[in-house]
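Please look through the structure shown here. The text below takes it from a single residue outward to the domains.

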Amino acid sequence: MMPRPLLLDLPIDRLPVPNGQGGYRQRQLARWLYQRGARRADAMTDLPAAWRSELEERWRIDPFVRTERFPSADGSVRYLFTLADAQRTEAVFIPYRDRKTVCVSSMVGCPAGCAFCATGALGFGRNLRRGEILAQLLAVAWHEGFAPTELRNVVLMGMGEALLNYDAAVGAVRTMVDPEGLGISLRRVTLSTVGLPNRIRRLAHERLPLVLAVSLHAPDDDTRRRIIPTAHAHPIADIVASLHDWQAAGGRRVTIEYTMLDGVNDALRQADGLAACLEGLVAHVNLIPFNPWRGSGFRSSPAARIDAFARRLERASVPCSVRFSRGRDAGGACGQLALQGAEGRSGEASVAS
Ligand code: SF4
């Protein structure tokens, strides 16, 4: 039997309402979905009973048939979701003081195949729908027990290359930042890409000045091709040119993601090369110590080398930070998402639904 369609797939102004009733009813339904976090239409007590029953009968809100939680000792929680077609995807909840961040996936697996990324090693399952991306945020709020409006930051940095699932990812961002939706500030939504120049230029014209994070990971094409297959099609010069276009069209400062891989991309001459390719761009570099996963064949650069690399960039006036990922012991850190169940993990899975 086909599952009922997903309400969250629809833009707010296309939510189904009783005949002839438009905006007000759609906003009322959106508030229940995205602000009060209703998981079923039955719970939407101030909607007319007939409409509620119709919503309950014809539509779904929660697309996940199973949700598993893997808490990390550092307070973050990896979520493993199983969809109706048995495909699985993941999100990571990262609380910090009163700031709640969720890292969401845009795909099942990923076709980009970056060599240092456990998701890339899985291959590509399928694109997630707009509603399946949004539902990850709601599911974290449902299971952690807070209202979705308490979410402060969203990063589309989980499984998948968001710009290859363009319409669903951009549509989901629109609902995230809509005041009738989750109401999250655009400055607090980060979209990560492996660097696809045409898609970056297209995004520049969406009038969505979110934070763009580009996974560069190397300062020269030869090194980059060794670790990122898409680098064969997209030289660094093209990516950087598209980032200049992004900023010329009003885009904010970009974040350059750079995973520190021992003996691969961490020499001081490579820091100089990175500074040279970013010249003229308003950019901040995040240096990410590699998070290990079984069979990767990579090691993180030692702390002293990361430090020296950072100092070299700073000397060239390139702002940078060293970012330690949360959730390593739960398989939820940057580059580790690989659909692991409870086996081999320190935290025990709890089945949440
Ligand atoms: S780093 Fe990102 S783009 Fe590359 S394989 Fe992993 S999820 Fe895909």
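In this predicted model, His 284 has a relative accessible area of 11%, and because the cut-off for a buried residue is under 20%, His 284 counts as buried. His 284 belongs to strand E11, which covers residues 283-289. Leaving aside residues up to four places away in sequence, His 284 touches Arg 253, Val 254, Thr 255 and Ile 256, and also Pro 319, Cys 320 and Ser 321. With Ser 321 there is also a polar contact, made between the two side chains at 2.6 Å.

Next comes the ligand. The residues around the ligand are Cys 110, Ala 112, Gly 113, Cys 114, Cys 117, Gly 120, Gly 158 and Gly 160. Sorted by class, this shell has four nonpolar and four polar residues, and no charged residues. Glycine is placed with the polar residues in this sorting.

On the scale of the whole chain, there are two parts to follow: domain 1 spans 17-58 and domain 2 spans 64-351. Their C-alpha centres lie 34 Å apart. Ten residues from domain 1 and twelve residues from domain 2 take part in the contact between them. The size of an interface is often given as the accessible area lost when the parts come together. For domain 1 and domain 2 the buried area is about 900 Å², with 59% of it on carbon and sulfur atoms. Which three residues of domain 1 supply more of the area that it buries against domain 2 than any other three? They are Tyr 34, Gln 35 and Arg 39, which supply 70% of that area.

How values were computed: Residues are numbered from 1 along each chain as its sequence is written. This is a predicted model: local features need pLDDT of at least 70, side-chain atom pairs count only at pLDDT 80 or more; totals for chains, interfaces and linings use all residues. Side-chain values use heavy atoms; hydrogens and water are left out. Helices (H or I, at least four residues) and strands (E, at least two) are DSSP runs, numbered from the N terminus. Buried means under 20% relative accessible area, exposed over 50%, partly exposed in between (1.4 Å probe, protein chains only). A polar contact is a pair of N or O atoms within 3.5 Å; within protein, one must be able to donate a hydrogen and the other to accept it, and residues adjacent in sequence count only if both atoms are side-chain atoms. Contact means heavy atoms within 4.5 Å. A residue is near a molecule or strand if one of its heavy atoms lies within 4 Å of it. Domain bounds come from an automatic or database domain assignment. Buried area is the accessible area (1.4 Å probe) that two parts lose on being put together, summed over both.
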